[in-house]
Amino acid sequence: MLDSLKTDVFRANLDLVKHGLVILTWGNASGIDREKGLVVIKPSGVSYDDMRAEDMVVVDLDGNVVEGRLKPSSDTPTHLELYKAFPCMGGVVHTHSTYATAWAQAGCDISNIGTTHSDYFSDAVPCTRDMTVDEINNAYEKETGTVLVERFQKLNPEHIPGVLVKNHGPFSWGKSPHDAVHNAVVLEQIAKMALLAYSINPQLTMNPQLIQKHFYRKHGQGAYYGQNN
């Protein structure tokens, strides 16, 4: 079942390691088949060295295991909340990458202060609010997803393909698992560059017109970056 998507999700998980975003088992990638309403996700706590494509777990949007001999990632309910809230998402990634996680632990948005950031994110990378005691103690992983969705009530997840969970770490997404990994790599790099830039000049500024120019030359009807399909 969903062999092609399993392969894509498996490769996405390995790519997280390749790009230095994951050590040990600190992360997960998933993908969704929208027609079937099924999600493929990494199994919980399995070493990346030992993992195989056939180890990927298939769940429905209620979290029920449809296929797989292993338990799905403990973060599965968070992924599912994102898929249910945002039909644009075809893949979701969660890591504990160093710089993005540092911003998450500090509880700070990553302001858009450069053209690299603007090429992928139309605004700041947002950070969620504190979770309540009830949210932590009851269905924690599901409520993490609820808090993420809440943070995007007035934001466009297609224009801002990532978020920081306060005190926790980053989530990113895209049209496919591969695209979600790509955005996770970008998120980690802009988190690193922002930290360095603020350490050099805490009073730095960014021209909003430059943000618009760089974002829309890659996105939307008027995009002209890259080759025509």
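In helix α2, the buried residues are Thr76, Thr78, His79, Leu80, Glu81, Leu82 and Tyr83. They belong to a predicted model, and the helix, which spans residues 76-85, is mostly covered, with 7 of its 10 residues buried. The cover over these buried residues includes the strands β1 (27-33), β2 (38-41), β3 (57-60), β5 (91-95) and β7, together with helix α6 (140-151).

**Nonpolar cores**

Leu82 of α2 is buried, and Leu82 also appears in the largest nonpolar core, a set of 31 residues. Leu82, Ile110, Phe121, Leu164, Phe171 and Trp173 touch the most other members of that core. At least two residues of the core come from each of β3, α2, α3 (98-106), β6, β7 and α7. Helix α7 supplies the largest share, 5 residues. In soluble globular proteins, nonpolar side chains tend to be buried together.

What does Phe121 touch, leaving out residues up to four places away in sequence? Its contacts are Asn112, His159, Ile160, Pro161, Gly162, Val186, Leu187, Ile190 and Phe215. A second core, separate from the one described above, has 21 residues, among them Val46, Ala53, Met56 and Val93.

**Pocket and cavity**

Rolling a probe the size of a water molecule over the atoms shows where empty space is left. The largest pocket has a volume of about 430 Å³. Its lining consists of 14 residues, of which Glu158, Lys175, Asp179, Asn183 and His219 are the closest to the centre of the pocket. Two or more lining residues are given by each of α4 (115-120), β7 (169-174) and α7 (177-200). The element that gives the most is α7, with 3 residues.

A search of the whole structure for cavities of 30 Å³ or more finds 1. The largest cavity holds about 40 Å³ of space. Its lining is made up of Val93, His94, Thr95, Ser97, Ala100, Pro170, Phe171, Ser172, Ala184, Leu187 and Glu188. Strands β5 and β7 and helix α7 each give two or more residues to this lining. Several of these names recur elsewhere in the account: Phe171 belongs to the largest nonpolar core, Val93 to the second core, and Leu187 is a contact of Phe121.

The table sets out the two linings by residue class.

| Lining | Nonpolar | Polar | Charged |
|---|---|---|---|
| Largest pocket | 5 residues | 4 residues | 5 residues |
| Largest cavity | 6 residues | 4 residues | 1 residue |

**Buried residues in loops**

His168 is placed in the loop between β6 (162-165) and β7. Is His168 buried or exposed? His168 counts as buried because its relative accessibility is 14%, and the cut-off for buried is under 20%. Residues up to four places away in sequence aside, His168 touches His94, His96, Thr101, Ala104 and Tyr140. Of these contacts, His94 is also part of the lining of the largest cavity.

Asp55 is found in the loop between β2 and β3. With a relative accessibility of 4%, Asp55 likewise counts as buried. Beyond its neighbours within four places in sequence, Asp55 is in contact with Pro43, Asp50, Arg69 and Leu70.

**Cysteines**

A disulfide is a covalent bond between the sulfur atoms of two cysteines. How many disulfides does the structure hold? The number is 0. For Cys127, the closest cysteine sulfur is that of Cys108, and the 7.2 Å between the two sulfurs is too far for a bond. A disulfide would require the sulfur atoms to be within 2.5 Å. Cys127 counts as buried, at 7% relative accessibility, whereas Cys88 counts as partly exposed, at 26%.

**Positive phi angles**

Most residues other than glycine have a negative phi, and most peptide bonds are trans. Leu2, which is not a glycine, has a positive phi of about 55°. Leu2 lies in the segment before α1 (3-18) and is buried, with a relative accessible area of 13%. Ala139 also has a positive phi, near 55°. The position of Ala139 is in the loop between α5 (133-137) and α6. Ala139 is partly exposed, its relative accessible area being 47%.

Technical notes. Residues are numbered from 1 along each chain as its sequence is written. This is a predicted model: local features need pLDDT of at least 70, side-chain atom pairs count only at pLDDT 80 or more; totals for chains, interfaces and linings use all residues. Side-chain values use heavy atoms; hydrogens and water are left out. On a 1 Å grid over the protein atoms alone, a cavity is a set of points where a 1.4 Å probe fits but cannot get out, and a pocket is an open set with protein on both sides within 12 Å along at least five of seven lines; lining residues have an atom within 4 Å of a point. Grid points are joined across faces, edges and corners, and a volume is the space filled by probe spheres set on the points. Helices (H or I, at least four residues) and strands (E, at least two) are DSSP runs, numbered from the N terminus. Ala, Val, Leu, Ile, Met, Phe, Trp, Tyr, Cys and Pro count as nonpolar, Asp, Glu, Lys and Arg as charged, and the others, Gly among them, as polar. Buried means under 20% relative accessible area, exposed over 50%, partly exposed in between (1.4 Å probe, protein chains only). Contact means heavy atoms within 4.5 Å. A nonpolar core is a set of buried Ala, Val, Leu, Ile, Met, Phe, Trp, Tyr and Cys residues joined through side-chain atoms within 4.5 Å.
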